[in-house]
Amino acid sequence: MTTPRPLRGAPLRRLATLACSAALALAAHADPGGRDGDDTRASRHAPHAIGLWGDLPYSAVQESVGLPNLIADMNAHRLAFTVHTGDLKQGSGSPCDDALYLRALGWFNALRAPAMFTPGDNDWTDCDRPSNGGYDALERLDRERQIFFSTPWSLGQRRLRQQVQNEPLCLGAGGAAVPCVENRRWTLGRVVYVTLNVPGSCNNLCDTNPDAAEFAARNAANIRWLRESFAMARAQDAAAVMLISQANPGWDASDGTRAPRRDPRTLAQTDGAPDGFRDFLLALREAVTDFRRPVAYVHGDSHDFRVDKPLLDAQGRRLENFTRIETPGNNDVHWVKVEADPRSRDVFSVQFMTVPGNRVAVPAP
């Protein structure tokens, strides 16, 4: 048997850059200093490219070798911004400590383009698992809000100012009402981009310590942010909308391995498990139908690169203006490039980007 070649490493100086001190990382985060770059001045009709990635890193070798390769590859492309779709680590057997968040802050700030992040279940809802340290999940989400979302600016070496859901509609540790500052929105080239905190593990309705009150508050806030974003898109005569969250909510009965099975017409979950997504999906379907123009929904969670059209209306007809884009992750240390051209019919075109240094089964020639 031939042993697959390991992931090829980046120079040690690159790793040292990613492992910058927490003090320097926090200082870079706190002081945008006008680092909005050229992106905010882009022509209203000009095409642009973005980078999508998530569910990474899931192992020590991915963090030390694969991740620097991936960041270097994204930095080699001209990107308007990047978004990590959540899950900064594997689901079990690794702590959700502050060191994880500060390392991740270093990864995001190693990206030349503005860098965005939406939280995932592995980095907050599942942190109450004993193997992850037995943390209070809401305390961990509060900490993520402090570290990644304390200003209206993106992360990254260039910064982009965003609209923030500042109303105290979510719940923090101890049940305190707090702003949902992780929910963000920005516009570029007649495309409205939106992040929403919709994580896996049933959206915090199952697993170790489910929290129905936290879910209800955040789910209502997400639906409000969704509707406000589409209203803004219509008011701006936007060419398209892209929504980005972490969870694969399940769209039909075809994939029960990593997503809930549901009736595609009613959007009701059919497996008897707690359903943390139906109300959100109903609101999404209504918004997509009314908007009529292209809508892309980006998520991670189930680790399979997919581009398809799984959303049906109540009569069972496919909503042609809706496209799901799932980012790879786990064992695929690669990323997805999306070209957005507001002058084109479908606006979005999608390309899987294989990082040369991270090829294993078939190494780069």
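Arg218 counts as buried, at 1% relative accessibility. This residue belongs to a predicted model of a protein with eight helices and twelve strands. Of the 365 residues of the protein, 56% count as buried. A search of the whole structure finds 21 salt bridges, and this briefing describes several of them, together with helix H5 and the residue Arg262.

**Overall architecture**

- The protein contains eight helices and twelve strands.
- Among contacts with a separation of 6 or more, 73% are made by residues 24 or more positions apart.
- About 14,600 Å² of the protein is exposed, and carbon and sulfur atoms supply 52% of that area.

**The Arg218–Glu214 salt bridge in helix H7**

- The side chains of Arg218 and Glu214 form a salt bridge, with an N to O distance of 2.7 Å.
- Arg218 and Glu214 are separated by about one helical turn, because they stand four residues apart in helix H7 (residues 212-235).
- In an α-helix there are 3.6 residues a turn, so residues three or four places apart point the same way.
- Arg218 is buried, with 1% relative accessibility, and its partner Glu214 is buried too, with a relative accessible area of 0%.
- Both values fall in the buried class because that class covers anything under 20% relative accessible area.

**A salt-bridge network around Arg143**

- Salt bridges that share partners connect Asp98, Glu139, Arg140 and Arg143 in one network.
- Within this network, the side chains of Arg143 and Asp98 meet in a salt bridge at 2.8 Å, N to O.
- Arg143 lies in helix H5 (residues 137-148) and Asp98 in helix H4 (residues 98-109), so this pair ties together parts that are 45 residues apart in sequence.
- Arg143 is partly exposed, with a relative accessible area of 23%.
- Asp98 likewise counts as partly exposed, at 25% relative accessibility.

**The Arg145–Glu182 salt bridge**

- A further salt bridge joins the side chains of Arg145 and Glu182, at 2.9 Å from N to O.
- Arg145 is part of helix H5 and Glu182 is part of strand S5 (residues 177-188), so the pair links parts that are 37 residues apart in sequence.
- Arg145 and Glu182 are both buried.

**Helix H5**

- Helix H5 holds both Arg143 and Arg145.
- The helix is mostly covered, as nine of its twelve residues are buried.
- Among the buried residues of H5 are Ala137, Leu138, Leu141, Ile147 and Phe148.
- The buried residues of H5 also include Arg140, Asp142, Glu144 and Arg145.
- At the N-terminal end, Asp136 caps H5: one of its side-chain oxygens lies 2.9 Å from the backbone nitrogen of Leu138.
- The end C-alpha atoms of H5 are 16 Å apart, which agrees with the 16 Å that its twelve residues should span at 1.5 Å a residue.

**Arg262 in a loop**

- Arg262 is located in the loop between strand S7 (240-244) and helix H8 (278-291).
- With 0% relative accessibility, Arg262 counts as buried.
- A polar atom of the Arg262 side chain lies 2.6 Å from the backbone oxygen of Leu267.

Notes
Residues numbered from 1 in each chain as written. Predicted model: local features only at pLDDT ≥ 70, side-chain atom pairs only at ≥ 80, totals over all residues. Heavy atoms only, no water. Helix = DSSP H or I, 4+ residues; strand = E, 2+ residues; numbered from the N terminus. Buried < 20%, exposed > 50% of the residue type's maximum accessible area, 1.4 Å probe, protein only. Polar contact = N/O pair within 3.5 Å; in protein donor to acceptor, adjacent residues only side chain to side chain. Salt bridge = Lys/Arg side-chain N within 4 Å of Asp/Glu carboxyl O. Contact = heavy atoms within 4.5 Å. Areas by Shrake-Rupley, 256 points an atom, 1.4 Å probe, with all protein chains shown as cover. Expected span 1.5 Å × (residues − 1).
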